[in-house]
Amino acid sequence: MLLPLMGWCITGAIFLFQPGYGDAYTKLLPRYYPMSTLSMPSGREEWLEVRLVQTVLGPHVLARTEDGWLQYDVDTMAVRERPSFADIERLLKDAISADKNRYGDSLKVSANDYVTETGVQLKIDWNTLDIEQYGEDRALIDKLYNIHYLRWTGSRPVDNVIAVLGLCGLVLTSVLGATLLFRHRGAS
């Protein structure tokens, strides 16, 4: 019973003070550049929100509809398809150049993800230009989260049984401790 209780206390303290959370959860943004000659495209009825931005790949029209975000070609206003790996790599290299200590200088392709020289995985949502970053620090925080919430085996049914047994053990230990405390005070 002591092991889960100590794990819970230690991870709870880490969650309270959040050491190292800054870099792990910092939002990585594409580098945006000033737009000199473009004006806002005429809207469409289905557009609820529109953003016009300029990156190293040129101008982007990002529009939110009831179905979510889409990116449009500035000239034709047709939905803009995801570009080549080389263009995405160029966009990401430009974004990581803002923090070389965390990301380094280079990227390599891993399946549909990109991995920086320092091991941080990057995923980009082309329709919003949002970049998700996942490094070793965030992986450690996720492991601590799993320890804290008694997710030890990776099997949800087994972990639920462990959690229920752990909580029952904690309640039983608390009741027995309180009983012994009050019984000892009553005997004095």
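## A greasy patch shared by two helices

Helix 1 and helix 6 (156–187) each put at least two residues into a nonpolar patch on the surface. This is a predicted model, so take the patch as something read off computed coordinates. The residues that make it are Leu 5, Trp 8, Leu 167 and Leu 170, and together they cover about 370 Å².

Two of these residues are worth a look on their own. Trp 8 sits in helix 1, which runs over residues 2–17. Its relative accessible area is 48%, so it falls in the partly exposed class. Leu 167 belongs to helix 6. With 53% relative accessibility, Leu 167 counts as exposed, because the cut-off for that label is over 50%. If you want a ruler for this part of the model, try Trp 8 and Ala 178: they are 170 residues apart along the chain, and their C-alpha atoms are separated by 21 Å.

## How confident is the model?

Across the protein, the mean pLDDT is 87. Of its residues, 94% reach 70 or more. Confidence isn't spread evenly, though: helix 1 has the lowest, with a mean of 81, while strand 3 (residues 68–72) has the highest, at 95. Keep that in mind when you look at the patch, since helix 1 supplies at least two of its residues.

## Helix 3 and what it packs on

Helix 3 takes in residues 85–96, which makes 12 residues. From first C-alpha to last it reaches 16 Å, close to the 16 Å expected at 1.5 Å a residue.

Which residues of helix 3 are buried? They are Ile 88, Leu 91, Leu 92, Asp 94, Ala 95 and Ile 96. As background, an α-helix has 3.6 residues a turn, so residues three or four places apart point the same way. The buried residues of helix 3 have plenty of partners: they pack against strand 1 (49–55), helix 4 (100–103), strand 4 (107–110), strand 5 (113–116), strand 6 (121–125) and strand 7 (130–134).

## Salt bridges

How many salt bridges does a search of the whole structure find? The search turns up six. One of the pairs is Asp 105 with Lys 100, whose closest N and O atoms are 2.7 Å apart. Asp 105 is partly exposed, at a relative accessible area of 47%, and Lys 100 is also partly exposed, at 47% relative accessibility.

Another joins the side chains of Glu 46 and Arg 44, at 3.8 Å from N to O. Here Glu 46 is partly exposed, with a relative accessible area of 37%, and Arg 44 is partly exposed too, at 31%.

## Arg 64 and its surroundings

Arg 64 is found in strand 2, and its side chain meets that of Glu 49 in a salt bridge of 3.1 Å, N to O. This pair ties together distant parts of the chain, with Arg 64 in strand 2 (residues 58–65) and Glu 49 in strand 1. In sequence the two are 15 residues apart, but in space their C-alpha atoms are 5.1 Å apart.

Is Arg 64 buried, exposed or partly exposed? At a relative accessible area of 29%, Arg 64 is partly exposed, because that value lies between the 20% and 50% cut-offs. Its partner Glu 49 is partly exposed as well, at 34%. Setting aside neighbours within four places in sequence, Arg 64 is in contact with Glu 46, Trp 47, Leu 48, Glu 49 and Trp 69. Glu 46 on that list is the residue that pairs with Arg 44.

## Two residues with a positive phi

Most residues other than glycine have a negative phi. Gln 18 has a positive one, of about 50 degrees, although it is not a glycine. You'll find Gln 18 in the loop between helix 1 and helix 2 (21–25), where it is partly exposed, with a relative accessible area of 43%.

Met 77 isn't a glycine either, and has a positive phi of about 60 degrees. It lies in the loop between strand 3 and helix 3. Is Met 77 buried or exposed? Its relative accessible area is 15%, so Met 77 is buried, the cut-off being under 20%.

Key: Residues are numbered from 1 along each chain as its sequence is written. This is a predicted model: local features need pLDDT of at least 70, side-chain atom pairs count only at pLDDT 80 or more; totals for chains, interfaces and linings use all residues. Side-chain values use heavy atoms; hydrogens and water are left out. Helices (H or I, at least four residues) and strands (E, at least two) are DSSP runs, numbered from the N terminus. The expected span of a helix is 1.5 Å times one less than its number of residues. Buried means under 20% relative accessible area, exposed over 50%, partly exposed in between (1.4 Å probe, protein chains only). Contact means heavy atoms within 4.5 Å. Patches are made of residues with over 30% relative accessible area and no salt bridge: like charges are joined within 9 Å, nonpolar side chains (Val, Leu, Ile, Met, Phe, Trp, Tyr) within 5 Å. Accessible areas come from the Shrake-Rupley method with a 1.4 Å probe; for residues, only the protein chains shown count as cover. A salt bridge is a side-chain nitrogen of Lys or Arg within 4 Å of a carboxyl oxygen of Asp or Glu. pLDDT is the predictor's confidence in each residue, from 0 to 100.
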